[in-house]
Structure formats: C-alpha cells, structure tokens
Amino acid sequence: MALFRSGLLVLTTPLASLAPRLAPILTSAARLVHDTLYVHLQPGMSLEGPAQPLSTPVQATFEVLDFISHFYAGANVHPHLDIRILLTNIRTKSAFLPPLASSVQNLAHPPEVVLTDFQTLDGSQYNPVKQQLERYATSCYSCCPQLASVLLYPEYEHGGLPVEVSLPSTIRPSSPVARSPKQPVRGYRRGAVGGTFDRLHNAHKVLLSVACVLAQEQLVVGVADKDLLKSKLLPELLQSYAERVEHLSEFLVDIKPSLAFDIIPLLDPYGPAGSDPSLEFLVVSEETYRGGMAVNRFRLENDLEELALFQIQLLHDLSHRENEEDKISSSSSRQRMLGNLLRPPYERFDLPPGLYVIGLTGISGSGKSSVAQRLKGLGAYVIDCDQLGHRAYAPGGPAYQPVVQAFGTDILHKDGIINRKVLGSRVFGNKKHLKMLTDIVWPVIAKLAREEMELAVAEGKQVCVIEAAMLFEAGWQSMVHEVWTIVVPETEAIRRIRERDGLSEAAAQSRLQSQMSGQQLVNQSHVVLSTLWEPHVTQLQVEKAWALLQKRIAKKPY
C-alpha cells in the first residue's frame with residue numbers, strides 16, 4: 001500500500017537511456033505514492049559531491065517532447081496516479097535563459113516524499129545523497145516540512161546497464177522539413193489548444209504539455225461546451241464546464257506557472273484559433289488534425305496568417321475493453337463509470353428491515369424493463385409501477401372511484417373500465433388536470449409499492465427494484481436507498497419508441513419532451529447504466545452493478 005499522497009520524482013538519467021527504464025521506475029514510485037506524482041527532468045545531474053546541485057535548463061528538443069509523450073503513455077498502467085511532468089526548466093531555444101536560483105515553485109499538492117533514479121555506486125541509501133536530494137527538491141518546489149527521500153533501485157533489465165533507445169516520433173510539426181530528435185523546438189509567443197478535457201487523462205496531458213513547451217508568454221485553451229458536447233458518448237456523465245476548467249487550471253499552473261493561461265468556452269469548431277490574429281500555433285491530435293487544417297483555411301479566407309500546426313499521435317490504451325476505444329480517451333472513462341456508485345446512498349429508516357430498495361428509472365425507450373428483468377434474474381424482487389397503475393385504475397381499484405369522480409363517467413368504456421386514452425387526452429397539455437390526476441394516482445401507487453415491499457420481505461428477498469419512469473416527478477425516490485438511471489441518446493430512444501409504439505417521430509419527441517431529460521435524471525442518480533450496446537454488454541454492466549451493490553449491502557446495515 002502506498003505511503004504518501006504526493007511525491008516528486010527527480011529523473012537524472014540521460015533521456016535515451018531513461019526510456020527503457022521508465023516502466024520499473026514508475027512501478028517503484030507507484031508503490032510509494034498513491035495520488036499525485038510530480039516529475040522533474042534533470043538528465044545528467046549528480047547528487048554526489050559537496051556542492052548543492054542547481055536546477056539547470058533542459059533545452060526543448062523533439063526528443064524531449066517525444067519522451068514526455070512516452071512517459072505519459074507508460075504512466076497509464078498506474079491509473080491511481082495523477083502524473084504531472086513539470087516544465088519549469090524545459091526551455092525552447094528562444095527562451096533558453098538561466099533559471100532564477102531563488103525562485104521556489106508552489107505546487108497544488110506539496111510533495112511528501114522526493115524520489116530519484118540516481119543510484120549510488122554501492123547501491124545503498126547513502127545519507128549525504130538523500131540530503132542533497134531533499135535540498136534540491138526544496139530549492140525548486142514547495143514541499144511538505146517533513147520531506148522524506150528515497151533512492152529508487154528498481155529491477156532493470158540488462159543488469160541495470162544503460163541501454164539507449166530511439167523513441168518513436170509522436171510530435172509532428174506541419175512543416176515539410178524532416179525533424180530530428182536533437183532538433184531544438186522553436187518557441188512562440190502565443191498559441192492555442194482545444195478539447196473537451198473531461199476527466200483529465202494522460203493523452204490530454206501530452207497535448208497540454210507540448211502546447212506549454214511551445215508557448216513562451218500565453219496559451220489560449222478552448223474547452224468544448226454546449227452544442228459541441230451533444231455528439232459525445234454518454235454526455236450525461238461529462239463533468240460540468242466549471243469542474244473541467246478547475247482541474248485544467250490546476251494542472252497547467254502546476255506544470256508551467258510562468259505562462260499566462262486564457263481558458264475559454266469553445267462553442268464552435270474554430271474558436272479563437274480561427275479569428276485571433278496574434279496566435280501563432282495550434283496543437284492538435286491525430287483525430288483533430290483535419291480540424292486544424294480547416295482552421296487554417298478559415299484564417300486564410302479571412303486574411304489571417306496560417307498557424308503552425310503540431311500534431312500529437314494518439315496514445316493507445318492497452319487495457320481497453322469491448323466497445324471501448326483503443327486509445328486513451330474520456331469516452332472510455334465514462335463507460336467505465338457505468339455500474340459504479342456515483343454518490344452515497346440515501347439513509348431510509350422507514351423501509352422494511354432487511355430490504356434494500358433500488359429505484360430504476362430512465363427516459364422512455366431507454367430499456368428500463370429489460371434491465372429490470374436482468375436484475376430479477378440476479379435475484380431482485382421487481383415492482384413495475386406501470387402495472388401498479390393498471391391495478392389502481394381497474395374497477396374496484398383504489399384509484400378507480402376518485403378518478404371517475406374527478407373526470408366524469410364519459411372516460412369509461414361500456415364495460416366500466418377506464419379508457420386511459422380518453423383520460424390521457426383530457427390531461428395532456430393541461431397542467432391543472434394533470435395535477436388533479438397525479439395527486440390521486442401517485443400516492444395510491446406508492447402505497448401499493450410499499451405493500452409489494454412487504455411481499456418481497458416475506459419471500460426472503462434482500463433487494464427490491466421499483467421500476468418507474470416518473471420516479472422523481474412522483475417523489476418516489478423518498479422510498480428507495482439508491483436511484484439507478486438507464487441512459488441512451490435521444491435519437492436512439494426516439495427510434496425505439498417509434499418501433500415499439502408505432503408513433504411518428506414528432507409524437508415520440510413530444511413524449512420525451514414531457515419527461516425529465518436523461519441529464520436531469522443522472523444528476524440525481526446513484527448508479528448509471530446504458531443499453532446502447534449489444535445485450536451481452538448490458539448484461540455485463542448489470543452484473544457489475546449488482547456485484548458492487550452486494551458489497552455495499554454486506555458492509556453497511558440498512
């Protein structure tokens with residue numbers, strides 16, 4: 001188990017020899033640090049000798065940029081670690097100035113331990129070396145007062161002998177001139193980068209780090225918002241714009257505090273990159289390179305100079321699962337949230353002892369019934385509120401007489417059964433009549449649901465699922481421990497409604513508009529599932545959610 005929340009890793013091995021050693025170094029660091037790991041590159045630095053080592057500039061070359069990309073790609077196997085490569089001493093040629101010896105950079109999470117790959121000749125934790133390491137760390141960065149220090153001695157291949165490798169090119173400038181690893185990277189005064197930046201991950205960090213290296217004075221960061229989010233996978237699980245900006249700002253200020261950052265909402269595909277005459281470069285990914293080319297065409301059409309484009313190769317996700325992208329992406333992160341508990345359950349002391357109640361909801365066409373049946377197959381007792389509604393409306397049912405008295409006998413069939421289509425036409429679009437109806441029916445259904453809960457207890461069931469499209473509107477969340485919401489894109493829901501109920505597209509859209517949106521439901525939910533993919537994928541989600549639920553029930557009395 002990791003001992004420290006935050007740490008600083010000072011890497012002293014030359015980059016070409018360091019690349020093949022990264023995996024064991026990171027594994028060793030991950031055993032000690034469990035949250036934020038800052039990384040400081042100082043190739044060639046010695047921690048032996050009487051003079052205190054000083055931070056010296058590292059010239060930004062394409063080898064350095066490729067190394068940063070390689071490092072973040074390798075760090076992806078340690079998902080618990082928030083890796084941040086510090087760029088304070090990495091300078092482009094035009095900004096290659098000596099560092100300020102007296103400046104100490106404040107970090108958002110001051111390191112509790114400083115680690116290094118520097119090794120003493122005898123392989124010991126040599127005290128003077130550790131003291132030099134601690135002095136070096138505290139002279140460069142804000143650290144915790146009781147700073148610990150560790151010399152890492154991971155098990156390297158080739159007996160620890162330095163082996164040089166050539167890193168693959170991951171950063172491609174738009175210039176047709178061939179780049180070489182040792183080629184210095186040009187610095188620019190102002191540049192831009194854009195993205196959604198949902199749940200900041202290592203591929204984002206490569207994009208942002210390259211942009212920060214290139215920029216000398218200011219970096220404009222466009223953060224996708226509003227219409228640009230509609231096409232995203234599982235948009236209901238996206239972090240809010242404010243959350244994304246907060247995490248982005250902290251990361252950027254940590255890695256290069258000397259830059260001015262202008263973080264703005266990105267509301268169209270061009271953003272400021274298409275109209276700001278003072279911008280000089282744009283960093284894009286393989287996926288957005290065509291968008292970068294379109295920005296330059298747009299600029300030329302408006303008599304602006306083209307931007308220098310820097311294309312970043314995608315980082316592959318070696319642990320991606322079925323239906324997930326094979327690159328590191330926020331979409332995959334959101335998919336992995338499906339079935340997880342997103343917020344603490346409700347405390348419900350008025351429910352039957354020994355019964356844990358789940359409220360299952362979602363927009364029309366989301367697949368609630370299919371998920372309910374899957375949960376039933378796993379052992380849950382399922383209460384269908386639509387069926388309870390039929391019981392309530394039936395002749396002799398608890399809502400029959402009150403509804404007939406409120407809306408008249410002309411809502412009845414000849415056999416005395418309530419004609420729900422006629423009743424529906426009376427209340428549709430009429431808020432007063434709709435409230436009259438729901439004030440009668442919803443409390444009745446809630447009472448019937450509580451009676452069903454007692455039957456579940458009598459049958460020895462531990463979990464009860466209340467399937468209800470109008471769970472929140474009716475206030476029935478007050479009688480569940482958790483709300484589980486099923487989400488699908490609105491276009492898919494409309495397709496399913498039309499296919500299932502034979503409605504026109506306009507009628508299907510009208511039905512959805514009369515309900516709470518998927519986003520509104522998710523904002524109040526504990527667990528989210530999706531039936532967007534093949535049935536067996538839905539089954540795996542439900543089984544995952546069920547297994548996690550069983551662990552929660554076992555840990556906490558209810």
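The lining of the largest pocket receives at least two residues from each of α9 (368-377), α10 (385-393), α12 (420-427), α13, α14 (490-501) and α15 (505-513), where helices are DSSP runs of H or I with at least four residues and strands are runs of E with at least two, numbered from the N terminus. The model is predicted, so that local features need pLDDT of at least 70 and side-chain atom pairs count only at pLDDT 80 or more, while totals for chains, interfaces and linings use all residues. Residues are numbered from 1 along each chain as its sequence is written, and side-chain values use heavy atoms, without hydrogens and water.

A pocket is an open set of points on a 1 Å grid over the protein atoms alone, where a 1.4 Å probe fits, with protein on both sides within 12 Å along at least five of seven lines, and lining residues have an atom within 4 Å of a point. Volume is the space filled by probe spheres set on the points, which are joined across faces, edges and corners.

| Pocket | Volume | Lining | Nearest the centre |
|---|---|---|---|
| Largest | about 1,700 Å³ | 40 residues | Asp386, Arg420, Ala469, Met470, Gln515 |
| Second largest | about 1,100 Å³ | 47 residues | Gly194, Gly195, Thr196, Lys232, Thr288 |

Helix α13 (residues 431-458) also packs with helix α11 (residues 400-407) at an angle of about 165°, their axes being 9 Å apart; axes are lines fitted to C-alpha atoms over the stretch in contact, and angles run from 0 to 180 degrees between N-to-C directions. The two helices are therefore roughly antiparallel, a term for angles over 145 degrees.

Terms used:
Parallel < 35°, antiparallel > 145°, perpendicular 65-115°, else oblique.
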